[in-house]
Amino acid sequence: METSTQTQSTAVHSHTNDVHIHEHEHHHHQSFISKYIFSLDHKTIGKQYLITAIFMAIVGMSLSLLMRAQLGWPGEQFSFIGKLLGKFAEGGIIKPEYYYALVTLHGTIMVFFVLTGGLSGTFFNLLIPLQIGTRDMASPLLNALSYWFFFASSCVMLSSFFVMAGPASGGWTIYPPLSALPEATPGSGTGMTLWLVSMSLFIASGLMGGINYISTVINMRTKGMSLWKMPLTVWSFFITAILGVLSFPVLFSGAIMLVFDRSFGTSFFLPDGLVVADKLLNHSGGSPILWQHLFWFLGHPEVYIVLLPAMGMVSEILSVNARKPIFGYKAMVYAIMAIGFLSFIVWAHHMFQSGMNPFLGSVFVFTTLLIAIPSAVKTFNWLTTLYRSNIIFTPAMLYALGFVSLFITGGITGIFLGNAAVDIQLHDTYFVVAHFHLVMGAASFFGLFAGVYHWFPKMFSKMMNNTLGKWHFWLTIISLYCVFFPMHYMGMAGVPRRYYAFTEYEWTSMFTDLNRFISIWALIGGAAQVLLIFNFFWSMFKGKPATANPWKANTLEWTTPIKPVHGNWPGEIPEVHRWPYDYSKPGHEEDYIPQHIPYSETGSSNRKGDY
Amino acid sequence: MKNSRLNATLFFVAGIAFLILVFYAHFQNPQWYLPAATSVHGLVTDHLFDITMWITLPVFVITQGLLFLFVFLYPHRDDKKADYYPNNHKLELIWTIVPAIVLTWLIVQGLQTWANIKSPAPADAEVIEVTAEQFAWNFRWSGKDGKFGRNKPELMKASTNPIGIDFDDSLSHDDITSKEIFIPVGKTVLFNIQAKDVIHSFYLPHFRVKMDAVPGMRTNFWMNPTMTSADKKEDVKRTTKGLKEVDERLYGQVSDETYKDANGNVIVEKGGIIKRAERDQNGNLVKSTDVVLRLSKAGIKKIMAYHDFNYVLACAELCGLGHYKMRAAITVVTQQEYDKWMSEQTPDFEYQ
Ligand code: HEM
Ligand SMILES: [Cu+2]
Ligand SMILES: [Cu+2]
């Protein structure tokens, strides 16, 4: 092992400086700890993120199943839930304080820890260096730190399950005064403090990661890899990282102000004359609406931070498995940019009914509905990519196709919600729950799944089992639709979200059956995830050995050795000559031409206007 | 590539089944689709909802349909290559511009509606002050003088003076308070909304009214109810009455006849609500209180029943543990009934 690297490194030595630096590290004997735990290698860090995210996803999903148990069978006693939750579910019935903690932590964990930290952390780390052709991130140290901050913040968030009064319970948006006043609800005590500490660590982690991703993409692309030759994955990661770096600090400042309001007597978000349980508080001069502006200034870009990377991976996977160039590559890039830009000026669509000036609402109606245009362009381009294609149904491809379907279904309801007048009825109802679960939750999860199935061979040098993957896909998509589609109806009738039970009102009780139906499908969907977990860990050890380029893809990661090496390419980093989407090019014998193949070798297929 | 064919077909079948199910569910349960509004502006926003539906539904069906169709038509064949079709500027231009035009039109419609709803209330509106607290709603009318007396946070006491009326202010002496809303049909009502502790949301689902109650500021919403509670109740009764099978779905409905068991004991009376089994202190179901259970024991297969209906005020912003049951009744009555109700109220001042 040592000697082989030795020879490889001499072969490389003369070429670039950064190789030189890395090779020095390489000569040291790496212990288990420095290799797997405190690793600086971007591929290992990516895997650390993935494993952490899988764990958090299991937690987040279990929380949602507990909620569904309550909503599907309100007042029913489940003895195992009683045993599991102890005083939070005496007699096996979840208490309201615990239901609200479940809602809050489920939302927080899914949005931030799984689909932001987990999804970005895994695939940005794994793919950015491999696809742009560099040996590691701009700053491997910062990268490792970013992971460990993420790890710490996950631990702090989970630790809040073990405090006396329970975890934060003000919803993932933690609107003050509710979140600021422990008198107002039990979860606003220690639980909320831990939430804020955890999120601060999380934001620090996100910023370290983000700066790193951006500088890596800007500075470290291999020879020939101009911006317009980057795969759509890297484009979407790049824009996402910019969104994160610009928006997360705003949430950070909001969180700090909230900490001050809670602990040091300031009144950023707390107005005069608050009376809680007959006690007059002596805060003065703050505004609860200010928090909403600060939160959603992050919160809206956040949903695209979750969604854009999934879109990027789906574009790549669709093209590879349709054996066809992505349709309208440049339009796809411009659409990502447009969505990224617009996502900063639509935040107040979450606040149409918040009491802010209605004229402001009008402005945000306009910008919000504009976002539908680049989204429509992306959808049409994906569909056209499939037109007259030659589709190979890998599990990753199935998930990519499922993504398109979910994105359409969930995206269309956004057009209803974006119109402030229609939103009067729909705001904060199950219509919204259906909308965001489909377009952001389920769709991004599908991106994540697609990514895992597609790049598993690159991560673990093994193949995942196809049959299990397909079963997993079918069970998952059917249960997702059965869970979330009916919720639109509840929302139209006006059933509010964040309700512990629907039994208090005549007008919500007509959905008793429907809620049970939803809960049953949620359980089926949850059970189906066992297939993925099993497949993942089983294949890691027992899977078929991977080949170098199992999907016959064009991007650079498939030119690295099957067994990953530190520095990624044992020899020189390949030079890039063409765009990543030369699939089924007429005149070429095979149906793909990897990016590093020069035009001089493909004379018969070259054409005017080649990228 | 047998496997390809299978997945392509599965995709297509599942997709078409999905589209059919969507429509089937819809026509089986037409009452699930956006129930009709009972306010003037609500009819307008519902219309906008319908327009949006008519625009997006075809887009939904066509795009999903194409997705399933392409997947069905182009599974992998070794003897075939995909089209090399990287772009088509004209096509891309079309599907940028067409959505842009349609959306512009929707935006214009939406903004006009929004501006009307949010315009200042007519001067002759009936004004009701709404004060939200954990977990109750308080309402106040200004009385004969048409002016509200001051309220002060330091006077707020949930049991005696929840909205902190300052009785030193003589304007408050004829103010009337209530825990329920009464409003006259066909007249504009303006709600001035405030909150004592945390954010709540004043939500009248049947009237399409939703406005957050925010501590430290006043928000408002005005509307014009089109149907009295009694008429609406009658309407719902008429449209939902029928012979219904005795099963779970009966819970919460109203029986239209008196049903007795073999011994002549009444199971449910005419006009009585069909209730679930209650629980005793140990949490065990008391089977003898379950109407559905008793009906089926008595061998009754079908009964005449209908849905009950009451307008309701619900809280739509998470405000703490009692959020899900922070309700209040709202009754729409005729002008005469309203005047009568009003004349029967005693101002709080006189209790002092
Ligand atoms: C396993 C599938 C899932 C099920 C069954 C599920 C179920 C639920 C339920 C029952 C609620 C509470 C609704 C309420 O009471 O208002 C909820 C809220 C939420 N879920 Fe999920 N969920 C799932 C997956 C996801 C995913 C993948 C995401 C990622 C974005 C997500 C994000 C959220 C958010 C942000 C909330 C709102 C929390 C809040 O109101 O503060 N969920 N979900
Ligand atoms: Cu948003
Ligand atoms: Cu509430």
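This report describes an iron site in chain A and strand pairing in chain B.

The model is predicted, so that local features need pLDDT of at least 70 and side-chain atom pairs count only at pLDDT 80 or more, while totals for chains, interfaces and linings use all residues. Residues are numbered from 1 along each chain as its sequence is written, chains are lettered from A and ligands numbered from 1 in the order in which they are written, and side-chain values use heavy atoms, without hydrogens and water.

The iron atom of ligand 1 has as its protein donors A:His106 (NE2) and A:His437 (NE2), lying 2.0 Å from it; donors are N, O and S atoms within 2.8 Å of the metal (3.2 Å for Na, K and Ca), and water is not among the atoms, so sites may look incomplete. A:His106 belongs to helix H6 (residues 96-132) and A:His437 to helix H16 (residues 430-460) of chain A, 331 residues apart. Both A:His106 and A:His437 are buried, meaning under 20% relative accessible area with a 1.4 Å probe and protein chains only (exposed is over 50%, partly exposed in between).

In chain B, two strand pairings are antiparallel, where pairing requires at least two DSSP bridges and helices (H or I, at least four residues) and strands (E, at least two) are DSSP runs numbered from the N terminus.

| Strand pair | Bridges | Bridge partners |
|---|---|---|
| E9(B) and E15(B), residues 302-307 | four | B:Leu243 and B:Met304 |
| E5(B), residues 189-195, and E8(B) | five | B:Ile193 and B:Thr219 |

Strand E8 (residues 219-223) of chain B has B:Thr219, B:Phe221 and B:Met223 on a covered face, whereas B:Asn220 and B:Trp222 lie on an uncovered one.
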